[in-house]
Amino acid sequence: QDEETQHSLECIQANQIFPRKQLIREDENLQVPFIELHGESTEYVGRAEDAIIALSNYRLHIKFKESVVNVPLQLIESVECRDIFQLHLTCKDCKVIRCQFSTFEQCQDWLKRLNNAIRPPSKIEDLFSFAYHAWCMEVYASEKEQHGDLCRPGEHVTSRFKNEVERMGFDMNNAWRISNINEKYKLCGSYPQEIIVPAWITDKELESVASFRSWKRIPAVVYRHQSNGAVISRCGQPEVSWWGWRNADDEHLVQSVAKACASDSRSNGNKLMNGNCSRDFSNGGDLSDVEFDSSISNASGAESLAIQPQKLLILDARSYAAAVANRAKGGGCECPEYYPNCEVVFMGMANIHSIRKSFQSLRLLCTQMPDPGNWLSALESTKWLQHLSVLLKSALLVVHAVDRDQRPVLVHCSDGWDRTPQIVALAKLLLDPYYRTTEGFQVLVEMEWLDFGHKFADRCGHGENSDDLNERCPVFLQWLDCVHQLQRQFPCSFEFNEAFLVKLVQHTYSCLFGTFLCNNAKERGEKHTQERTCSVWSLLRAANKAFRNLLYSSQSESVLYPVCHVRNLMLWSAVYLPCSSPSTPADDTCAPYPAPGSSPEDQPLGRLPKTRSFDNLTTACDSSVPTTNRRSSDPSLNEKWQEHRRSLELSSLGNPGDDPFDGDGLSKQGRAPAGAELSVAAGVAEGQMENILQEATKDDVGLEEHLRGSLETVGKGDEIALDKEKRTEN
């Protein structure tokens, strides 16, 4: 009732809580050059050199003669004056915007306005998502029954934990239980309120384990392989410190995960679910090791051999040196001597400071005048693709352990909220086709990133007073880039297309929606963001045709085994390069509500004119360098290239798929400087790759022409579909 009262007051008082601001025009003849969203008010409209520039409480809009820049304020990382007449805007998604003014005074005025507009909010309600939701509720109050639910995510998101436990088939009688020890976040503020643990582990033991794990982030099970019962768990690092501390309950819990997998596999595989061979541990009853071993010994000889606990893999995302160095700060890693039947592997993934530096180098490269002869080596020097490769390899190692070796895996880094969700979410995406559907992907993001406390506010820089630049890092963007790489290698395996990921990147930072606000679920609950903001999934819903992959087949590979070498990865041109986005829906039409009388499934999604960085990057490339057609270098082009690719991988990695298509056909119009969209890596010498490509294609010209025609047909199909929706919207 209190929530309903608060909701009603918000609807009635939206114009008092979030009043419109007075519009200031530099010229009385100027008009606001865009359609405002609900709750949006334009504050300034003026003239730049050959452009009209407008600033609202949500966006910066620059209308040039042949193009438009339309960027949410929270997507802008910094604004500076590069010369006395030019503003240089750096965006968090790698784009750079340049705007020229006629006078120094005018340039300085807009510099001050923009710096004031993009600074982190002093209170969370200053973010536009709250005004947007309040005005939406007021506008549609009379149509609440028809439209009110469209601002919320679907039931698959709101009931995700219960649904996932049932879907993955956890044996909640013998092997596992749901612990409520974190109810109201009393144990760990960055963990969900319900967690899955071995059935015989008591809450008292969990409290002891929490005192030994970084930020009290205890090992919690997040995935179960439905065929063999192997699980993936995640946690924070153990607090070993220089003193070499141990915790018996932590050691017992880690070993119990492997034992619970064995019990779960037996119970589900042999249907031993009757009263004589199952016990209820829902209240955390303590099952000793002796009882567990006794229950195993009661089975037949062959059965007993099959259910012995597998050796658990502890995957530490850091390098060994970094893990040891963390002991100086009270952290550390598991000592194999104290964790019997466990194997510890270090992946050597870079920390957020190295990733931030790499991303800044990539952004600088993508916005400078290109040097065609050195572009690929410059791309290599950013190390961005190398970081993606290590992340993909880490996730693939988890997949091998769970799917092929039937081993349980425990993943952690230092704190468990950056590299850990990257690895775990990517592994789950590779293992389970459900997460490659639109609804499943939403559940994946909600559970692994939001429920387990990735610090979106700090990493994206839109939290209250989040001025610390050392806390910012595109961790989630890096993970989405890996998802994009998987889409390229397995174009028929994802229900959503590249435009879905591009739009998700933008709205991670835009603060139009409240999904990615705050640092954890506890903070979002305290700020009531779910009740006071719209969900991004109301835009990126399964019914939205603009985000459907036309090549998707539900019968595609069950488990994906991608190629992880740098040479097989591609620069994500739709995000990092100008003029290459497959679809840039106008935020004017991103309201979660359809027009009255229309069906939500038929709601069109408009597109803006192509946005570019105003340094003539693309023009320079087009005029000086012949455009290289990247299709001839796609890793899935023909059999010879497939053979070469397989020769580069270990035989155990398997076939990543021979589908000739290299994506959903949406990005064919984007161009990269000097062949930037080549799937060749910066890690391969240009001459060597040229020889490879010549060898791979010299006998298959006919096949290549056939594939090129197929790709163009697919690409045109998507463009026609999107253009049709645009015309409908207009």
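Which residue takes a positive phi in the hairpin of β2 and β3? In this predicted model, the residue is Asp50, with a phi near 60° in a hairpin that has two residues between the strands. Strand β2 covers residues 42-48, and β3 covers residues 51-56. The two strands pair in the antiparallel sense over six bridges. One of the residue pairs that match across them is Val45 with its bridge partner Ala54 in β3. Strands of a sheet pair through backbone hydrogen bonds, and the pairing can be either parallel or antiparallel.

Strand β3 also pairs with β4 (residues 59-64), to which five bridges join it, again in an antiparallel arrangement. Here the bridge partner of Ile52 is Lys63 in β4. Like the hairpin of β2 and β3, the hairpin of β3 and β4 has two residues between its strands. Strand β3 is mostly covered, since five of its six residues are buried.

A separate description applies to β6, β7 and β8. These three strands form an open sheet in the order β6-β7-β8, with antiparallel pairing. Strands β6 (76-83) and β8 (96-100) stand at the edges; each has a single partner strand, so one side of each is left without a neighbour in the sheet. On average, neighbouring strands of this sheet are turned by 20° against each other, direction ignored. Strand β7 (residues 86-91) is joined to β6 by six bridges, and Cys81 has Leu87 of β7 as its bridge partner. In a regular strand the side chains alternate between the two faces of the sheet.

Two helices are placed against these strands. Helix α3 (residues 104-118) lies across β6 and β7, and runs at about 165° to β6. Helix α13 (residues 352-367) packs on the sheet and touches β6, β7 and β8; the direction of α13 makes about 50° with that of β8.

Aromatic contacts were searched for over the whole structure, and 26 aromatic pairs were found. A pair of aromatic rings is described by the distance of the centres and the angle of the planes. Tyr44 and Trp110 form an edge-to-face pair, at 6.3 Å centre to centre and with 70° between the planes. This pair links distant parts of the chain, as Tyr44 belongs to strand β2 and Trp110 to helix α3, 66 residues apart. Trp110 has a relative accessible area of 0% and is therefore buried. Arg113 is placed over both rings of the pair. Arg113 lies over the face of Tyr44, at 4.2 Å from the ring centre, and the charged end of Arg113 sits over the ring of Trp110, 4.7 Å from its centre.

Another edge-to-face pair is formed by Phe494 and Phe496, at 5.6 Å centre to centre and with 70° between the planes. Phe494 is buried, at a relative accessible area of 1%, and Phe496 counts as buried at 0%. Both residues belong to one aromatic cluster, whose members also include Phe441, Trp449, Phe456, Phe476, Trp479, Phe500, Phe516 and Phe547.

Positive phi values also occur in the loop between α20 (498-510) and α21 (521-527), where Cys511 is found. Cys511 has a positive phi of about 60° although it is not a glycine. Cys518 lies in the loop between α20 and α21 as well, and the phi of Cys518, also a residue other than glycine, is near 70°. Cys511 is buried, with a relative accessible area of 2%, and Cys518 counts as buried at 6%.

The UniProt record, an unreviewed entry, places the feature "active site" at Cys413. Cys413 lies in the loop between β15 (409-412) and α16 (419-431). At 2% relative accessibility, which is under the 20% limit, Cys413 counts as buried. Beyond its neighbours within four places in sequence, Cys413 is in contact with Gln237, Asp316, Ala317, Arg318, Asp418, Arg419 and Thr420.

Ser233 is a residue of strand β12 (residues 231-234). The relative accessibility of Ser233 is 1%, so Ser233 counts as buried. Residues up to four places away in sequence being left out, Ser233 touches Ala220, Val221, Val222, Val257, Val409, Leu410 and Val411.

Notes
Residues numbered from 1 in each chain as written. Predicted model: local features only at pLDDT ≥ 70, side-chain atom pairs only at ≥ 80, totals over all residues. Heavy atoms only, no water. Helix = DSSP H or I, 4+ residues; strand = E, 2+ residues; numbered from the N terminus. Buried < 20%, exposed > 50% of the residue type's maximum accessible area, 1.4 Å probe, protein only. Contact = heavy atoms within 4.5 Å. UniProt positions renumbered as here; feature names shortened; annotations may be inferred. Pairing = 2+ DSSP bridges. Axes fitted to C-alpha atoms, helices over the stretch in contact; angles between N-to-C directions. Phe/Tyr/Trp six-rings, centres within 6.5 Å; stacked < 30°, edge-to-face > 60°. Lys NZ or Arg CZ within 6 Å of the ring centre and 35° of its normal.
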